[in-house]
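User: I would like to go through this model with you, beginning with its cysteines and then turning to an arginine and the strands. Please give the cut-offs as you go.

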Amino acid sequence: MSSEFTSVNRDPLTNLLSRSQFLRAMGTPMPHISSSSIVFINLDRFRQVNENFTYGVGDQILREIARRIVQHCPSESMIGRFGGDEFVVACFNLPSEGTFALAERLLHAIAQPHRGITTSLLRPALALLRMRQAVNWSPRS
């Protein structure tokens, strides 16, 4: 993957790719990719964390979640923060079983307590998209 996507235009809080850079990178031709999977992660009830524990605590939790995602993903994955409480992971050339195993690992890792905040307040939700052939996709301008 080009270093331009790994060294600039990162989300300032998590240091993951920003939404725009993630979409730009996904639109870049990747001839060595035969299949890809996308894992979307949304933190249900995250707003309640900010309201009940302050935005500073919320930011610490987002940084920790980003760290956990990076820790559990293959090194060739592309990881981005899509919004306030949304993350996305693109995995390449990973078989279906590997994608499902990764999603389970991420769900388990993210669901662990964060600074005493239990999963009864903060619940991760995941969605998977699997493509058998790589697709060069470009977002609309």
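User: How many disulfides does the structure hold?

Analyst: This is a predicted model, in which local features need pLDDT of at least 70 and side-chain atom pairs count only at pLDDT 80 or more, while totals for chains, interfaces and linings use all residues. Residues are numbered from 1 along each chain as its sequence is written, and side-chain values use heavy atoms, with hydrogens and water left out. A disulfide is a pair of cysteine sulfur atoms within 2.5 Å, and the number of disulfides in the structure is 0.

User: Why is Cys73 not bonded to the closest cysteine sulfur?

Analyst: Cys73 is buried (under 20% relative accessible area, with a 1.4 Å probe and protein chains only), its own value being 10%. The closest cysteine sulfur belongs to Cys91, and the two are too far apart for a bond because the distance is 5.6 Å.

User: Which residue's side chain makes a polar contact with the side chain of Arg81?

Analyst: Arg81 is found in strand E2, residues 78-83, where strands are DSSP runs of at least two residues, numbered from the N terminus. A polar contact is a pair of N or O atoms within 3.5 Å, and within protein one must be able to donate a hydrogen and the other to accept it, while residues adjacent in sequence count only if both atoms are side-chain atoms. At 3.1 Å, the side-chain partner of Arg81 is Asp11.

User: Over how many bridges do E1 and E4 pair?

Analyst: Two strands pair if DSSP finds at least two bridges between them. One bridge partnership joins Asp44 to Arg123 in E4, and the antiparallel pairing of E1 with E4 (residues 123-131) runs over 9 bridges.

Methods: Helix = DSSP H or I, 4+ residues; strand = E, 2+ residues; numbered from the N terminus. Buried < 20%, exposed > 50% of the residue type's maximum accessible area, 1.4 Å probe, protein only.
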